[in-house]
Structure formats: structure tokens, C-alpha cells
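Thanks, everyone. Let's get the model up on the screen and walk through a few places in it.

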Amino acid sequence: MAQSELVVVANRLPVDRVTDKDGNESWRRSPGGLVTALEQVMAGSDAAWVGWPGKADLFMDPFEFDGNLLVPVRLSQDNLEYYYEGFSNGTIWPLYHDVIATPIYRRSWWDSYVRVNKRFADAAASVAAEGGLVWVQDYQLQLVPKMLREIRPDLTIGYFHHIPFPAYGLYAQLPWRSEVIEGLLGADVLGFQRVADAGNFQRSVRRLFRYPTKSNRIEVPTGDGTTRSVVAAPFPISIDAQAFVDLAKKPEIIARSKEIREQLGNPKKILLGVDRLDYTKGIRHRLKAFGEMLEDGTAKVGEVTLVQVASPSRPGVEAYQDLRDEIELTVGRINGDHDTMHHTAIRYLHQGFPREEMVALYLAADVLLITALRDGMNLVAKEYAAVRTDQRGVLVLSEFAGAADELNAALMINPHDIDGMKAAIIQAIEMSPAEQGRRMRSMRRRVLEHDVERWGKRFMTAVEDIRAEQREQ
Ligand code: G6P
């Protein structure tokens, strides 16, 4: 098999194998911010991408896609239940998002996680060129760096953590807390979203292993009396901002945004929420605030409409099924109480949409609501800022989303404070065009300068620096 200088390892391939109603199979872009971000880094290089093709028991040979080699890793139905839905999304995801949902600790899930991580490590080892770079992505694969180092000590290994890393007081709950840290420390560079995430990680290393840490460096004993330097630092991820700007300028997308407004009955203000249907996103809190505004008359149906796009996510995990039931009950109640024959209070869409349609929606939205209770970054916030070349629109942003560290000109909210959120939404609805412009310009500057290309380069530079250091030793 061809050997690649750069190998990305992620739970998902950038494409999913999907079957349509007529039984035809094809590839479709995978959901989530991770794929969006890395697509850009991979473009144009002959890199390989190791990942799961999005369906159980699919066994496939590596294949070329958009100039990259895609290396499918097969996951059985049991792997999906234990490794993906179980340990990744029933244990780690809630624990790392500050236990918004209760993490479940099951030994059989952990065993599967270890086995599947080994399968990913083996696949990466088989395609990486001698002395190449392997870049591991996200919480589903935290053991891969150490496993890979054991098989291929010649490689330089990076790891990027797309979700939060919790404070030690929470992390300490994990029965396999030492094994996970050891797994991660197999990397040369560990990237986190926020300063706080990198800090939390370093504190866990100190508490559990007492390894010395100095600024971004951790000195990890190698076993032969020497130490190996591991960098653990913040690298806030971003978007391909220019691609969004280009879409926002397309006449057909501008026309579509006007059409959306008309189809909603020309309300004075459109509020928009765009999330995977996940309990971390604070959709319930948002609906509560909007429902109360309709009750107390600070918002009126026909004048204000909330469009909530909630793309389907992890339907096999119980907490997600419960959340869906609760959200759909709440939306039904609010609409039932407030809709008229002509207008709806909430246009709820449990669907994913192509990027073009999302940009049209962003352009139609007067206010974007991001009310996450905890979020690694939230790229929707950055997409909204990028597309508003008209310097209009207001971003209401939870201080618990990583994006809040960068987009200081947003209207910041604590989503647990319903009154505070209502006040911010009213302020957003009433904001003058001049103030909208001032805030939007500042956010756009940040997003356009700190785009995903810069993120990728910064990470790669950190990797190259440490590689050069190792060669000198
Ligand atoms: C988040 C995670 C990604 C994940 C995505 C979609 O963005 O950080 O690792 O791929 O959600 O979730 P899914 O479980 O469908 O892959």
C-alpha cells in the first residue's frame, strides 16, 4: 500500500456510506465540526485518512477520494454499541462536558474502547511513511497515540482534542483515568481548544503522575532514565472563512435567504438555532426562554420566529432519545399555545442541510442563538460571523462555548440564567444597525484572520519544532 507522510486518524472518515430509499449506495460528507475543519488541512496533499465509514460491518479496501487515500476501519455492531455509543458517547462525552448528563462507567465498554483504539493504531501504522506524521483526532481515540508509538517509534504523533477537557475534580471519576492520560501522552503535541482545557489536562497529569510541567511542556519519563517532552497547548480551531464568505456573496444564496424570510411569513425578526441534537447545546434552555417571551409578550408570533435546526445525532444513545422526546414535546406545546393559521412560533427542523442552505439561513437570521451548556468550540458561531459580509446580525453566545474566548463582541450569556438570556435576546432584537455593525466587524476580523488554515499551520509548526528538537538530541 502507498505510504503517506501525513496520516489523519479520526473516528469517522470525512465521508459516510449511505443508502437512499431506492437502495442506491453513495458517499456523503460526514457531520460535525471535525470533518469541516480538517478537510481544508488535507486538501491538496497526498495525505491518508484512517476512519470508520459510518455503517456497521462495512469491510472495504482503502480508496482514493478527492486526491486523498481513505482507509476504512471496520466496526462491528458490537463495537458500535460498546466503543462508539458506549464508552465514547455514554462515558467520555458527558464526563468531559462537565457531567451535564450522567456518565456511565461500564467495564465492557472500556474493553471495547481499548480493542477498537488498537485497530485504529494498527491501521495508521500500516499506511504511515517512515518518519512520517500521524495526526490523531478527538476523544474517541485517546489511546491511539501511545499504542502507535509502541508499534512505530519512528513517527511524530500529534493529537487534537476537539471537545473540552474537564477539571480534575470531575476527570478523577473516570475509573481508567490513568490509562487515558498515558494514552494521550504518547503524542508529541497535544492540542486543546481553550487555555482552560490545556490547563485542566496538565493539572490531571500532575495530580496522577507528578510529571513536571513547565508552561506548555510536560516531561514524560521514557523508562531509560531520560525524559521526552510533550507539548500540551491551546490551538483554537476555526473554519474555512473565505469559503463561507464566497458562498455568502452568491446571488442564488442571497435570493434563497430572502425566500426563506418570505416562506416564514415575513416576520420582523428571525431568531436561529443550529445544533446537533445534543444535550450539551442548551436547546431546552433556549426554548424555555423563548416560550416565556411569548407568554409575557416580549415576543409575538408573526413578529418574531425562532428557526431551530437540530440535526439528528447519536440516535442509539438513550440520553439523546430522551432529549429528542423532551425537545419535541416542548416545541409542540409552545407552537400549540401560540401558533396562528399564518405563523408559527418555532419552525423546528430535525434534519441536516447542505452548506449552501445553511449560509442562506444565516443570512436570513437577525439573531443567532448559541446557548451551549458546555462546548469545545462551536463553529456555527464562527460561520455566522464569516457570512455576515453585510455587517448585520447579532450573535448571542454562551460563555461556556470555546468560541466565547475569541468572539468577545458577541452578547454573552449564561444559559442557566433564563432571565439573563431573555434580556440578551431582547437586546439583540432591538439592537441598532450601528451597534450590530460595530460588533459584527470585530468578530469577523477575528474569524477571517484566525481561519482553519492558520489553525492547521500553527499545529503543524508546533509538531515540526518538536521534531527538530528530537533530531538534535
Ligand atoms: C463533535 C465531535 C466529533 C464528532 C461530531 C459528530 O463535533 O467533536 O468528534 O465527529 O461531534 O458526532 P458523531 O458522533 O456523529 O461523529
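Start with arginine 355. You find arginine 355 in helix H12. Keep in mind that this is a predicted model. Is arginine 355 buried, exposed or partly exposed? Its relative accessibility is 25%, so it counts as partly exposed. Now look along the chain. Leucine 247 is 108 residues away from arginine 355 in sequence. In space, their C-alpha atoms are separated by 8.9 Å.

Stay with helix H12, residues 355–364. Its partner here is helix H9, residues 251–263. How do the two axes meet? They come within 8 Å of each other and cross at roughly 60°. That angle is why H9 is described as oblique to H12. As for handedness, H9 passes H12 in a right-handed crossing.

Which residues make up this contact? On the H9 side, we have Ile253, Ile254, Arg256, Ser257, Ile260 and Arg261. On the H12 side, they meet Glu356, Glu357, Val359, Ala360, Leu361, Leu363 and Ala364. Sort the contact by class, and you get 8 nonpolar residues, 4 charged and 1 polar.

Next stop, threonine 91. This one sits in helix H2, which covers residues 77–96. Is threonine 91 buried or exposed? Its relative accessibility is 0%, and the cut-off for buried is under 20%, so threonine 91 counts as buried. Where does its side chain go? It reaches the backbone oxygen of isoleucine 104, at 2.6 Å. Set aside the neighbours within four places in sequence, and threonine 91 contacts Gly86, Pro103, Ile104, Tyr105, Trp109 and Leu174. So isoleucine 104 turns up twice, as the residue whose backbone oxygen is reached and on the contact list.

Last one, arginine 439. Its place is in helix H15, residues 433–449. Buried or exposed? Arginine 439 has a relative accessible area of 16%, and buried means under 20%, so this arginine is buried. What does its side chain find there? A polar atom of that side chain lies 3.0 Å from the backbone oxygen of alanine 409. Leave out residues up to four places away in sequence, and arginine 439 touches Ala409, Ala410, Leu411, Gln427 and Met431.

To recap the two arginines: arginine 355 in H12 is partly exposed at 25%, whereas arginine 439 in H15 is buried at 16%. And threonine 91 in H2 is buried at 0%. That's my tour. Over to you.

Note on methods: Residues are numbered from 1 along each chain as its sequence is written. This is a predicted model: local features need pLDDT of at least 70, side-chain atom pairs count only at pLDDT 80 or more; totals for chains, interfaces and linings use all residues. Side-chain values use heavy atoms; hydrogens and water are left out. Helices (H or I, at least four residues) and strands (E, at least two) are DSSP runs, numbered from the N terminus. Buried means under 20% relative accessible area, exposed over 50%, partly exposed in between (1.4 Å probe, protein chains only). A polar contact is a pair of N or O atoms within 3.5 Å; within protein, one must be able to donate a hydrogen and the other to accept it, and residues adjacent in sequence count only if both atoms are side-chain atoms. Contact means heavy atoms within 4.5 Å. Axes are lines fitted to C-alpha atoms, for helices over the stretch in contact, and angles run from 0 to 180 degrees between N-to-C directions. Angles under 35 degrees count as roughly parallel, over 145 as roughly antiparallel, 65 to 115 as roughly perpendicular and the rest as oblique. A crossing is left-handed if the near helix is turned anticlockwise from the far one by less than a right angle, and right-handed if clockwise. Ala, Val, Leu, Ile, Met, Phe, Trp, Tyr, Cys and Pro count as nonpolar, Asp, Glu, Lys and Arg as charged, and the others, Gly among them, as polar.
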